[in-house]
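Q: I'm new to this one and would like to go through it slowly. Could you put it up, and then I'll ask about whatever catches my eye?

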Amino acid sequence: MRPATQPTPANLATDALAAYRLTRLVTRDWITDGIRSRARAALGDGTADFLACPWCVGVWVAAAVTAARALLPEAWQWPARGLSAAAIVGLADVWAERA
């Protein structure tokens with residue numbers, strides 16, 4: 001395994017936006033409502049509440065994103081860019097709705 005390279009500011013921004021989007025996908029998006037509902041039914045409210053907590057999920061998502069960047073930088077770059085673009089579009093939509 002080759003050593004991890006120093007992250008660039010662009011990679012840090014891309015990874016932060018990708019982590020935001022993945023965290024939002026797990027904790028809030030309607031597309032994962034069914035998964036959260038099944039987890040709540042199987043695990044009970046207390047344990048399943050983890051899946052609705054952005055702070056809780058965000059730590060683990062950020063760790064996975066950091067590992068992906070360090071261990072598979074070329075393979076991770078395109079998914080990270082796509083997730084980052086989706087995050088920017090979502091944030092812009094929220095901003096435009098408030099304006």
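Q: Let me start with A67, then: where is it placed?
A: A67 has its place in helix α4, where helices (H or I, at least four residues) and strands (E, at least two) are DSSP runs, numbered from the N terminus. This is a predicted model, in which local features need pLDDT of at least 70 and side-chain atom pairs count only at pLDDT 80 or more, while totals for chains, interfaces and linings use all residues. Residues are numbered from 1 along each chain as its sequence is written, and side-chain values use heavy atoms, with hydrogens and water left out.

Q: Is A67 buried or exposed?
A: A67 is neither, because its relative accessible area of 32% makes it partly exposed. Buried means under 20% relative accessible area and exposed means over 50%, with partly exposed in between (1.4 Å probe, protein chains only).

Q: How far is A67 from N11?
A: Their C-alpha atoms are separated by 13 Å, and the two residues are 56 residues apart along the chain.

Q: Stepping back, how many helices and strands are there?
A: The chain has five helices and zero strands, and read along the sequence it follows the pattern α-α-α-α-α. Along its principal axes the C-alpha trace spans about 45 × 40 × 20 Å.

Q: What share of the residues is buried?
A: Buried residues make up 26% of the 99 residues in the chain.

Q: And which residues form the largest nonpolar core?
A: The largest nonpolar core has eight residues, namely A18, A19, V57, V61, V65, A68, W76 and A80. A nonpolar core here is a set of buried Ala, Val, Leu, Ile, Met, Phe, Trp, Tyr and Cys residues joined through side-chain atoms within 4.5 Å. Helices α1, α4 and α5 each supply at least two residues of this core, and the largest share, four residues, comes from α4.

Q: Why would side chains like that be buried together?
A: As a general tendency, nonpolar side chains in soluble globular proteins tend to be buried together.

Q: Take A19 from that core; what does it touch?
A: Not counting residues up to four places away in sequence, A19 touches V61, A62 and V65, where contact means heavy atoms within 4.5 Å.

Q: Now α5, please. How many residues does it have, and how far does it reach?
A: Helix α5 (residues 73-98) has 26 residues and reaches 36 Å from its first C-alpha to its last, which is close to the 38 Å expected at 1.5 Å a residue. That expected span is 1.5 Å times one less than the number of residues in the helix.

Q: Which of its residues are buried, and what do they pack against?
A: The buried residues of α5 are P73, W76, Q77, A80, S84 and A87, and they pack against α1 (9-27) and α4 (54-71).

Q: Why does Q77 count as buried?
A: Q77 counts as buried because its relative accessible area is 13%. Leaving out residues up to four places away in sequence, Q77 touches N11 and R69.

Q: What about A87, buried in the same list; what is its accessibility?
A: A87 is at 1% relative accessibility, so it counts as buried. With residues up to four places away in sequence not counted, A87 touches L17, Y20 and R21. The C-alpha atoms of A87 and C53, which are 34 residues apart along the chain, are separated by 18 Å.

Q: Changing topic, where is R28 found, and what is it in contact with?
A: R28 is found in the loop between α1 and α2. Leaving aside its neighbours within four places in sequence, R28 is in contact with R36, A52 and P54. At 44% relative accessibility, R28 counts as partly exposed.

Q: And S37, which helix is that in?
A: S37 is in helix α2 (residues 33-43), and with a relative accessible area of 47% S37 is partly exposed. S37 and P9 are 28 residues apart in sequence and 38 Å apart in space, C-alpha to C-alpha.

Q: One last thing: how many charged side chains are there?
A: The chain has 10 positive and 8 negative side chains, and the centres of the two sets lie 4 Å apart. Lys and Arg count as positive and Asp and Glu as negative, while His and the chain ends are not counted; the place of a charge is taken as NZ of Lys, CZ of Arg, CG of Asp or CD of Glu.
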